[in-house]
Amino acid sequence: MTFFNETETVDHEISIDFYTKITKKAWFSTTEESVCWEKWILQIELTKAYSQDKQESLEHAESVLRDTLLKIIKNVDLYKDHIPLISSSEPNPFPFKITLQSSNDKWSSMLKRIL
């Protein structure tokens, strides 16, 4: 049996930004600019589990994570019409950036914007 303590939860937000490189031509030069064409925001709540059986807790967490990842893959596979064409021969044609923000970070960043 797994017990969850409500005071031991931490909210996180993972942001994944996907970019494509666009070449801009000027009169006498060309520049390359990264443009974000898709952004995923995943809300994650981490809870400390108290259990008599550590293996049972790990198996449950693994099952929940696997199911969630399969849902993400299924949804991503449904909507592909907006993906830009691959215009380079680089190994990763769409660079990405992963950002992790905890609930405490949200308040501090909001205060910084206010000030």
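**Notebook: a first look around**

Lys-80 is partly exposed, with 46% of relative accessible area. I wrote down the cut-offs beside it: under 20% is buried, over 50% is exposed and anything in between is partly exposed, with a 1.4 Å probe and protein chains only.

**Ground rules.** I am reading a predicted model, in which local features need pLDDT of at least 70, side-chain atom pairs count only at pLDDT 80 or more, and totals for chains, interfaces and linings use all residues. Residues are numbered from 1 along each chain as its sequence is written, and side-chain values use heavy atoms, with hydrogens and water left out.

**Confidence.** I looked up pLDDT, the predictor's confidence in each residue on a scale from 0 to 100. Its mean over the protein chain is 77, and 77% of the residues reach 70 or more. Where is confidence lowest, and where is it highest? I found the lowest mean, 54, in helix α2 (residues 103-114), and the highest, 85, in β3. I also marked residues 1-6, where pLDDT stays under 50 and the model has 18 contacts beyond four places in sequence. I remind myself that predicted coordinates should not be read in detail where pLDDT is low.

**Overall layout.** I noted two helices and three strands in the protein chain. From the N terminus on, the order is β-β-α-β-α. Helices here are DSSP runs of H or I with at least four residues, strands are runs of E with at least two, and both are numbered from the N terminus. Of the 115 residues, 10% count as buried. The accessible surface comes to about 10,000 Å², and carbon and sulfur atoms hold 59% of that; the areas come from the Shrake-Rupley method with a 1.4 Å probe, and for residues only the protein chains shown count as cover.

I then turned to contacts, meaning heavy atoms within 4.5 Å. Among contacts with a separation of 6 or more, 69% join residues 24 or more positions apart.

**Salt bridges.** How many salt bridges does a search of the whole structure find? The search gives five, each a side-chain nitrogen of Lys or Arg within 4 Å of a carboxyl oxygen of Asp or Glu. I followed up some of them.

- Lys-39 bridges to Asp-17, with the closest N and O atoms 3.9 Å apart. Lys-39 sits in strand β2 (residues 30-51) and Asp-17 in strand β1 (residues 2-25), so this pair ties together parts 22 residues apart in sequence. Asp-17 is buried, at 6% relative accessible area.
- Lys-21 bridges to Glu-90, the closest N and O atoms being 3.8 Å apart. Lys-21 belongs to β1 and Glu-90 to the loop between α1 (54-78) and β3, so here the parts tied together are 69 residues apart in sequence. Lys-21 is partly exposed at 33%, and Glu-90 is partly exposed at 38%.
- Asp-77 meets Lys-80 in a salt bridge of 3.2 Å, N to O. Asp-77 is partly exposed, at 47%.

**Ser-15.** I went next to Ser-15, which lies in strand β1. Is Ser-15 buried or exposed? At 9% relative accessibility, Ser-15 counts as buried. The side chain of Ser-15 makes a polar contact with that of Asp-17, at 3.4 Å. A polar contact is a pair of N or O atoms within 3.5 Å; within protein, one must be able to donate a hydrogen and the other to accept it, and residues adjacent in sequence count only if both atoms are side-chain atoms. Leaving aside neighbours within four places in sequence, I list Lys-39, Trp-40, Lys-97, Ile-98 and Thr-99 as contacts of Ser-15.

**Leu-100.** From Ser-15 I crossed to Leu-100: their C-alpha atoms are separated by 6.5 Å, though the two are 85 residues apart along the chain. Leu-100 lies in strand β3 (residues 96-102). Leu-100 is exposed, at 56%.

**Thr-9.** Back in strand β1, I checked Thr-9. Thr-9 is partly exposed at 28%. Its C-alpha atom is 6.6 Å from that of Lys-48, 39 residues away along the chain. Beyond neighbours within four places, Thr-9 touches Glu-45, Leu-46 and Thr-47.

**Aromatic rings.** My last search of the whole structure gave three aromatic pairs. Rings of Phe, Tyr and Trp (its six-membered ring) pair if their centres lie within 6.5 Å; planes under 30 degrees apart are stacked, over 60 edge-to-face, and the rest tilted. Which residues form one aromatic cluster? I wrote down Phe-18, Trp-37, Trp-40 and Phe-94.
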